[in-house]
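Biologist: I would like a close look at a single part of this model, taken slowly and with its surroundings in view. Please give me one connected answer.

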There are 2 protein chains.
Amino acid sequence: MSKQALPVVDLEAVACCAPIAVRPMDDDQAAVVAPMFKALGDPVRLRLMSMIASVPEICVCDLTPAFDLSGPTISHHLKVLRDAGLVDSERRGTWVWYRVRPEAFRQLGALLDVPSAAQATG
Amino acid sequence: MSKQALPVVDLEAVACCAPIAVRPMDDDQAAVVAPMFKALGDPVRLRLMSMIASVPEICVCDLTPAFDLSGPTISHHLKVLRDAGLVDSERRGTWVWYRVRPEAFRQLGALLDVPSAAQATG
DNA sequence: CGCCTAGGTTGACAGATTTCGAAACAGCGG
DNA sequence: CCGCTGTTTCGAAATCTGTCAACCTAGGCG
């Protein structure tokens, strides 16, 4: 793990842009961000994400028992979250630990911000 | 349109809950929210959503030309956004107008909030 | 009213993608 | 070596994407 050879998702490209309630997204940005939302678009992955996000880090051995799914399936879903750039994993001895990537998580939230005057100023 | 006979997505069930960085999501909540993220998990729908969200309302006739896709395809994507509870549509005369559902949009953003101390207090 | 045209939606379909588990594999520790 | 943890490979079933054809609604016109 931690073989983040190529980050798959270019976080730089996301940092630049305003909440979607302020300015329409261009094609390139949508192509970068959509996979992140897609990764959260499955109930299992959403729960995995929330379990990972609500603690500093968590072991796969604590994630798997929370679902009625096989180990490989959980591993698949974790890979989707990793490829989307939302989480990072690291092997320490016998176990593999997952934690959120705060930049990605925060930027996704920023995209959904409501600047409280966006509708009025349109 | 505006045949919101059954809202498809129960927004009440979403309102109750803390950011996922604070508390893990339970099964039921994930089942409600995941379709929303899933709806945003396609580049076309994400751009549609951002176009709708950045103005008070917008006509389908202004959305369709922005893509290299057929009318029916855009209509299908809009239906996904509608079924997810993210947008609402209304026919006025010849044209159909779309606007965001602020509650859903805001709650999705709230879910991704980072309470700035969540990681430290773990 | 009927007929025509334009804007959108719906239904059916092919092709691509996703989801999941069984089996095989890789890394670590005893 | 063995057992344990987690990942990858492979294949089958289910779902998604995009298109064409058909349909519905609204408006203009005779």
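Which element gives the most to the surface near DNA strand D, and with how many residues?

Modeller: Helix H5 of chain A gives the most to that surface, with five residues, and I should say at once that the model is predicted. The surface near DNA strand D is not supplied by chain A alone, since H4 (60-63), H5 and S3 of chain A and H5 of chain B each supply at least two residues. In total, 27 residues surround DNA strand D, and the closest are A:Ser75, A:Tyr98, B:Lys38, B:Thr73 and B:His77. By residue class, this surface divides into 10 nonpolar, 10 polar and seven charged residues.

Of the atoms of DNA strand D within 4 Å of the protein, 72% belong to sugar or phosphate, and the rest belong to bases. Both kinds of partner appear among the polar contacts: an N or O atom in the side chain of A:Ser75 is 2.8 Å from a phosphate oxygen of DNA strand D, whereas an N or O atom in the side chain of A:His76 is 3.4 Å from a base oxygen of that strand. From chain B, a polar side-chain atom of B:Lys38 lies 3.0 Å from a phosphate oxygen of DNA strand D.

Strand S3 of chain A, which also supplies residues to this surface, spans residues 95-100 and pairs with S2 (residues 87-92) of chain A in the antiparallel sense over six bridges. A:Tyr98, listed among the closest residues to DNA strand D, is the bridge partner of A:Ser89. S2(A) and S3(A) form a hairpin with two residues between them, and A:Gly93 in the turn has a positive phi of about 65 degrees.

The other DNA strand can be read alongside this. Around DNA strand C there are 26 residues, of which A:Ser70, A:Thr73, A:His77, B:Cys59 and B:Ser75 come nearest, and here H5 (71-83) of chain A and H4 (60-63), H5 (71-83) and S3 (95-100) of chain B each supply at least two residues. The residues of this surface divide into 10 nonpolar, nine polar and seven charged, and 71% of the atoms of DNA strand C within 4 Å of the protein belong to sugar or phosphate. Among the polar contacts, a polar side-chain atom of A:Ser70 lies 2.7 Å from a phosphate oxygen of DNA strand C, and a polar side-chain atom of B:Ser75 also lies 2.7 Å from a phosphate oxygen of DNA strand C. In the side chain of B:Tyr98, an N or O atom is 2.9 Å from a phosphate oxygen of DNA strand C.

As for how the two chains are arranged, a rotation of 180 degrees with 0.0 Å of shift along its axis superposes chain A on chain B, with an RMSD of 0.1 Å. The two copies are therefore related as by a two-fold rotation axis. Because 100% of the interface residues of chain A are also interface residues in chain B, the copies meet through the same surface.

Finally, a word on confidence: the mean pLDDT of chain A is 86, and 81% of its residues reach 70 or more. Over residues 1-8 of chain A, however, the pLDDT is below 50, and this stretch has 11 contacts in the model beyond near neighbours in sequence. Residues 118-122 of chain A likewise stay under 50, with six contacts beyond four places in sequence.

Definitions and conventions
Residues are numbered from 1 along each chain as its sequence is written. Chains are lettered from A and ligands numbered from 1 in the order in which they are written. This is a predicted model: local features need pLDDT of at least 70, side-chain atom pairs count only at pLDDT 80 or more; totals for chains, interfaces and linings use all residues. Side-chain values use heavy atoms; hydrogens and water are left out. Two strands pair if DSSP finds at least two bridges between them. Helices (H or I, at least four residues) and strands (E, at least two) are DSSP runs, numbered from the N terminus. A residue is near a molecule or strand if one of its heavy atoms lies within 4 Å of it. A polar contact is a pair of N or O atoms within 3.5 Å; within protein, one must be able to donate a hydrogen and the other to accept it, and residues adjacent in sequence count only if both atoms are side-chain atoms. Ala, Val, Leu, Ile, Met, Phe, Trp, Tyr, Cys and Pro count as nonpolar, Asp, Glu, Lys and Arg as charged, and the others, Gly among them, as polar. Copies are superposed by least squares on the C-alpha atoms of residues with pLDDT of at least 70 in both. Contact means heavy atoms within 4.5 Å. pLDDT is the predictor's confidence in each residue, from 0 to 100.
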